[in-house]
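Take a walk through this model, from its core to its surface. Keep the sequence at hand.

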Amino acid sequence: DVLGLAYPAACIGSMRYRLLLGAMWPYGIILLGAAALASHAITVWLLSGRADNLVRATLGRMLYWAIFVVYLVLPSVSRSIF
């Protein structure tokens, strides 16, 4: 349980909030990574001035990031929810 490493279960609140937080934190990690990839793509676009296939490449990297995060956290999230 990755969340248990950061906060003890008793500090989070009721069981409903623990389940909600346990199920939703991977989405936050995915969004944070996607924002980092998008800001990198915008920086590359602004500095180089070329935008050929930049959107497609960035979306591909975002998809790869999302699959990678889901692959890593799915066992932990499933164990904490069920």
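What follows covers two helices, a core, an aromatic cluster and a surface patch.

The model is predicted, so local features need pLDDT of at least 70, side-chain atom pairs count only at pLDDT 80 or more, and totals for chains, interfaces and linings use all residues. Residues are numbered from 1 along each chain as its sequence is written, and side-chain values use heavy atoms, with hydrogens and water left out.

Begin with the helices. Helix H3 spans residues 15-48, and helix H4 spans 54-81. Helices here are DSSP runs (H or I, at least four residues), numbered from the N terminus.

Now the core. The largest nonpolar core has six residues: Trp 25, Ile 30, Ala 66, Val 69, Val 73 and Val 77. H3 and H4 each supply at least two of them. H4 gives the most, with four residues. A nonpolar core is a set of buried Ala, Val, Leu, Ile, Met, Phe, Trp, Tyr and Cys residues joined through side-chain atoms within 4.5 Å. Buried means under 20% relative accessible area, exposed means over 50%, and partly exposed lies in between (1.4 Å probe, protein chains only). In soluble globular proteins, nonpolar side chains tend to be buried together.

Look at Ile 30 in this core. Beyond its neighbours within four places in sequence, Ile 30 is in contact with Trp 65, Ala 66, Val 69 and Val 70. Contact means heavy atoms within 4.5 Å.

Thr 58 also lies in H4. Is Thr 58 buried or exposed? Thr 58 counts as buried, because its relative accessibility is 8%. Setting aside residues up to four places away in sequence, Thr 58 touches Leu 37, Ala 38 and Ala 41. Ser 39 is found in H3. Its C-alpha is 10.0 Å from that of Thr 58, with the two positions 19 residues apart in sequence numbering. Ser 39 is partly exposed, at 38% relative accessible area.

Ala 57 lies in H4 as well. Ala 57 is partly exposed, since its relative accessible area is 32%. Ala 57 and Ala 34 are 23 residues apart in sequence, and their C-alpha atoms are 12 Å apart in space.

Next, the aromatic rings. A pair of aromatic rings is described by the distance of the centres and the angle of the planes. Rings of Phe, Tyr and Trp (its six-membered ring) pair if their centres lie within 6.5 Å; planes under 30 degrees apart count as stacked, over 60 as edge-to-face and the rest as tilted. How many aromatic pairs does this rule give? The count comes to two. Tyr 64 and Phe 68 are stacked, at 6.4 Å centre to centre and 10° between the planes. Both lie in H4, four residues apart, about one turn of the helix. Tyr 64 is exposed at 60% relative accessibility, and Phe 68 is partly exposed at 38%. Trp 65 and Phe 68 form a tilted pair, at 6.4 Å centre to centre and 35° between the planes. Because Trp 65 and Phe 68 are three residues apart in H4, about one helical turn separates them. Trp 65 is partly exposed, at 28%. Tyr 64, Trp 65 and Phe 68 form one aromatic cluster.

Finish on the surface. Tyr 17, Leu 20, Met 24 and Tyr 27 make a nonpolar surface patch of about 470 Å². Tyr 27 lies in H3. Tyr 27 is exposed, because its relative accessible area is 51%. Patches are made of residues with over 30% relative accessible area and no salt bridge; like charges are joined within 9 Å, nonpolar side chains (Val, Leu, Ile, Met, Phe, Trp, Tyr) within 5 Å. A salt bridge is a side-chain nitrogen of Lys or Arg within 4 Å of a carboxyl oxygen of Asp or Glu. Accessible areas come from the Shrake-Rupley method with a 1.4 Å probe; for residues, only the protein chains shown count as cover.

Methods: Helix = DSSP H or I, 4+ residues; strand = E, 2+ residues; numbered from the N terminus.
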